[in-house]
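I am opening a notebook page for this structure and will write down what I looked up, entry by entry.

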Amino acid sequence: MNIAIIGTGNVGGALATGWAKAGHTIHLGVQDMNQFKGKNLLNNPNTQVHSIAEAVTMSEVVLIATPPTAIFSIIEHMGDVSGKTLIDATNSVRQTPEPYKTVFHALVDKTKGEVVKCFNSTGFENMLNPIYNAEGIDMFMAGDSDAAKQVATRLALDIGFASCTDFGKADKVELLEKLALSWINLAIMQGHGRNIAFKLVRR
Ligand SMILES: NC(=O)c1ccc[n+]([C@@H]2O[C@H](COP(=O)([O-])OP(=O)(O)OC[C@H]3O[C@@H](n4cnc5c(N)ncnc54)[C@H](OP(=O)(O)O)[C@@H]3O)[C@@H](O)[C@H]2O)c1
């Protein structure tokens with residue numbers, strides 16, 4: 001797939017790397033092509049840098065991995081995203097994209113894309129390497145678009161997650177951000193460190 005990465009920092013960089021290695025074509029969409037975080041991503045296979053508008057035009061999937069309040073300028077730059085899968089990996093932890101509760105809600109209201117919340121609920125190190133004790137950890141997703149969920153699931157499995165568990169529809173997006181906050185609480189506030197992950201077990 002052709003995937004636009006908007007936000008080429010910790011999360012965007014980890015996912016761009018995994019997806020490039022899995023054979024996808026990566027279009028980094030940046031504000032300033034001469035100066036952006038993650039320039040080293042250009043050493044990955046199948047990876048090019050463009051303006052945000054160009055990267056989105058060339059892609060059927062768009063990952064948003066920026067501070068939440070950047071979403072309004074990004075929406076302006078993206079242009080028409082009808083039918084494209086928009087993956088929101090952000091968390092409104094320190095800032096909220098007012099008047100919306102999350103970036104997901106802004107994307108649903110202001111674009112015609114197929115929106116899914118995914119790749120927000122664990123640390124970027126776990127996106128670079130989701131393998132613990134020879135087994136993949138779980139990713140989680142929420143939203144109303146079944147088509148976008150299919151794409152997110154494939155992209156999670158492509159980089160080694162064991163599953164992409166459906167957390168529910170759009171009314172569960174804020175809860176999924178709380179799962180991210182729970183990971184941050186355990187990893188940082190409670191001192192367990194960033195090498196921890198969630199896995200759903202069944203019997
Ligand atoms: N860090 C984690 O482990 C983690 C895990 C899950 C979810 N998240 C969430 O993912 C998001 C990104 O976190 P991060 O740690 O990857 O951040 P980061 O390393 O600081 O990277 C942020 C990226 O956003 C870009 N950006 C900022 N404003 C922009 C704009 N107006 N238009 C386009 N790009 C813009 C920056 O580009 P420049 O280089 O041009 O400044 C940079 O590439 C946050 O919402 C965070 O809550 C983080």
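Where does Asn133 lie? I found Asn133 in the loop between strand E7 (131-132) and strand E8 (135-136), where helices (H or I, at least four residues) and strands (E, at least two) are DSSP runs, numbered from the N terminus. Before going further I noted that this is a predicted model, in which local features need pLDDT of at least 70, side-chain atom pairs count only at pLDDT 80 or more, and totals for chains, interfaces and linings use all residues. I also noted that residues are numbered from 1 along each chain as its sequence is written, and that side-chain values use heavy atoms, with hydrogens and water left out.

**Entry: backbone angles**

I looked up phi for Asn133 and found a value near 50°, which is positive in a residue other than glycine. Asn133 counts as exposed because its relative accessible area is 78%; the cut-offs are under 20% for buried, over 50% for exposed, and partly exposed in between, with a 1.4 Å probe and protein chains only. Phe119 also drew my attention, since its phi is near 60°, a positive value in a residue other than glycine. Phe119 lies in the loop between strand E6 (114-118) and H5, and it counts as buried because its relative accessibility is 0%.

I then checked the peptide bond from Glu98 to Pro99, which is cis, with omega near 5°. Pro99 sits in the loop between strand E5 (85-88) and helix H4 (103-110). I wrote these cases down because most residues other than glycine have a negative phi, and most peptide bonds are trans.

**Entry: the ligand**

Which residues come nearest to the ligand? Of the 25 residues around the ligand, they are Thr8, Val11, Lys37, Thr66 and Phe124, where a residue is near a molecule or strand if one of its heavy atoms lies within 4 Å of it. By class, I listed 11 nonpolar, 12 polar and two charged residues in this shell; Ala, Val, Leu, Ile, Met, Phe, Trp, Tyr, Cys and Pro count as nonpolar, Asp, Glu, Lys and Arg as charged, and the others, Gly among them, as polar. Helix H1 (10-21), helix H3 (71-78) and helix H5 (124-128) each supply at least two residues of the shell.

I next looked up distances from oxygen atoms of the ligand. One is 2.9 Å from a polar backbone atom of Val11, one is 2.8 Å from an N or O atom in the side chain of Lys37, and one lies 3.0 Å from a polar side-chain atom of Arg194. The protein covers 76% of the 920 Å² of accessible area that the ligand has on its own, with areas taken from the Shrake-Rupley method with a 1.4 Å probe.

**Entry: contacts between side chains**

I found Ser145 in the loop between strand E9 (138-142) and helix H6 (146-158). Ser145 counts as buried because its relative accessibility is 8%. Its side chain makes a polar contact of 2.6 Å with the side chain of Glu114; a polar contact is a pair of N or O atoms within 3.5 Å, and within protein one must be able to donate a hydrogen and the other to accept it, while residues adjacent in sequence count only if both atoms are side-chain atoms.

His27 lies in strand E2 (residues 25-30) and, at 3% relative accessibility, counts as buried. A polar contact of 3.0 Å joins the side chains of His27 and His50.

**Entry: distances along the chain and in space**

How far apart are the C-alpha atoms of Ala4 and Val62? They are separated by 4.6 Å, although the two residues are 58 residues apart along the chain. Ala4 is found in strand E1 (residues 2-6) and is buried, with a relative accessible area of 0%.

Trp183, in helix H7 (residues 173-189), is buried at 3% relative accessibility. Trp183 and Pro99 are 84 residues apart in sequence and 26 Å apart in space, C-alpha to C-alpha.

My last item is Leu200, in the segment after H7, which I entered as partly exposed because its relative accessible area is 40%. The C-alpha atoms of Leu200 and Asn120 are separated by 16 Å, with their positions 80 residues apart along the chain given as the separation.
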